[in-house]
Amino acid sequence: MLYTKLRIDFKNGPKDRFYRVILVKGNPNLFKFGVAIGTILGAFFEHCFLITVRKDSICYVMSPFMEEPLDGYKYLGNHKFKELPNEFAFEYDTGEGYNFICRKEKELVEFNSNKEYIILEGRGQGIWEDNVDTLYKLFNNEIDPDLNENDDVKGIYKPWNFFINKFSDFDLPLNIKGENKAFDKVFDLNYRELKKADKEYA
């Protein structure tokens, strides 16, 4: 099966500290693709996501953004993966600003699988739901890596959406086989629930 190879890098962090390299099969609609990216990055979808093409000033968005659309807004479900250029951005939780730069490889990759999405490599345990400030503090060496509890005074809090013992555990090597199994377990459920909610809102 032929796949598009895609690298996803957290824009506001040190190089190679939080990223994923994945394979994408075929030409999914951008709503489904966005749910896949969010799931791969560990989002629990408490917030919306969007895909932007900055050079064309286009934002592919969920239904809530289309209530009062700005110039360049297009609904995700009406567009396809192959419409995206080789570089685009994925943003989760626009309030927190989880911005990821996504780069496609031009040449398709042959891989012996029928799965829609495959995680090949990565680093960083995942999106730190509702507390990107703690992640920035970790990246800026403002947290003792051996700290294993919250610090209310400094506004440092462990993630609720994935387990770490010490804050440095964010950088533990990923179990890629486990990451793929976890994705396979929750992706379809995430997609069905988000699609239903988005349709109901529309």
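This talk goes through helices, buried charges and salt bridges in one predicted model.

I will start with helix 1, which covers residues 30–40. How many of its residues are buried? Eleven of eleven, so the helix is mostly covered, taking buried to mean under 20% relative accessible area. Among them are Leu30, Phe33, Ile37 and also Lys32. At the N-terminal end, asparagine 29 acts as a cap, with a side-chain oxygen 2.9 Å from the backbone nitrogen of phenylalanine 31. After the helix comes glycine 42, which has a positive phi, near 90 degrees.

Now helix 2, residues 132–139. Its buried residues are Val132, Thr134, Leu135, Leu138 and Phe139. Where do they fall when seen down the axis of helix 2? They sit within an arc of 155 degrees, so they line one face of the helix. As background, an α-helix has 3.6 residues a turn, so residues three or four places apart point the same way. The buried residues of helix 2 pack against strand 1, residues 2–10, and strand 7, residues 98–104. Asparagine 141 follows this helix, and its phi is positive, near 60 degrees.

Next, some charged residues that are buried. Glutamate 129 is in the loop between strand 9 and helix 2. Its relative accessible area is 2%, so it counts as buried. What does its side chain reach? The side chain of glutamate 129 comes to 2.6 Å from the backbone nitrogen of phenylalanine 44. Glutamate 129 also has contacts with several residues distant in the numbering, including His47, Tyr92 and Trp160.

Lysine 104 belongs to strand 7. It is buried and has no salt bridge; glutamate 83, the nearest side chain of opposite charge, is 9.9 Å away. Its side chain does reach the backbone oxygen of phenylalanine 81, at 3.1 Å. Among the residues that lysine 104 touches are Thr4, Leu6, Leu84 and Phe88.

Aspartate 198, in helix 3, is another buried residue without a salt bridge. For aspartate 198, the nearest side chain of opposite charge is lysine 195, at 5.4 Å. Why is that pair not a salt bridge? Because a salt bridge needs the nitrogen and the carboxyl oxygen within 4 Å, and lysine 195 is 5.4 Å away. Aspartate 198 touches Phe31, which is one of the buried residues of helix 1, and also Met62, Ser63, Pro64 and Tyr75.

That leaves the salt bridges themselves. How many are found in the whole structure? The search gives ten. I will take three of them.

In one, glutamate 116 meets lysine 32 at 3.1 Å, N to O. Glutamate 116 is in the loop between strand 8 and strand 9 and lysine 32 is in helix 1, so the pair ties together parts 84 residues apart in sequence. Lysine 32 is buried, at 18% relative accessibility, while glutamate 116 is partly exposed, at 30%.

In another, lysine 115 meets aspartate 184, also at 3.1 Å. This pair links the loop between strand 8 and strand 9 to helix 3, 69 residues apart. Lysine 115 is partly exposed at 26%, and aspartate 184 is partly exposed at 42%. There is also a network: salt bridges with shared partners join Arg7, Asp9, Asp16, Glu87 and Arg103.

Within that group, arginine 7 and aspartate 16 meet at 2.5 Å. Arginine 7 is partly exposed at 25%, and aspartate 16 is partly exposed at 32%.

Conventions. Residues numbered from 1 in each chain as written. Predicted model: local features only at pLDDT ≥ 70, side-chain atom pairs only at ≥ 80, totals over all residues. Heavy atoms only, no water. Buried < 20%, exposed > 50% of the residue type's maximum accessible area, 1.4 Å probe, protein only. Helix = DSSP H or I, 4+ residues; strand = E, 2+ residues; numbered from the N terminus. Polar contact = N/O pair within 3.5 Å; in protein donor to acceptor, adjacent residues only side chain to side chain. Contact = heavy atoms within 4.5 Å. Arc of directions from axis to C-beta. Lys, Arg positive; Asp, Glu negative; His and termini not counted.
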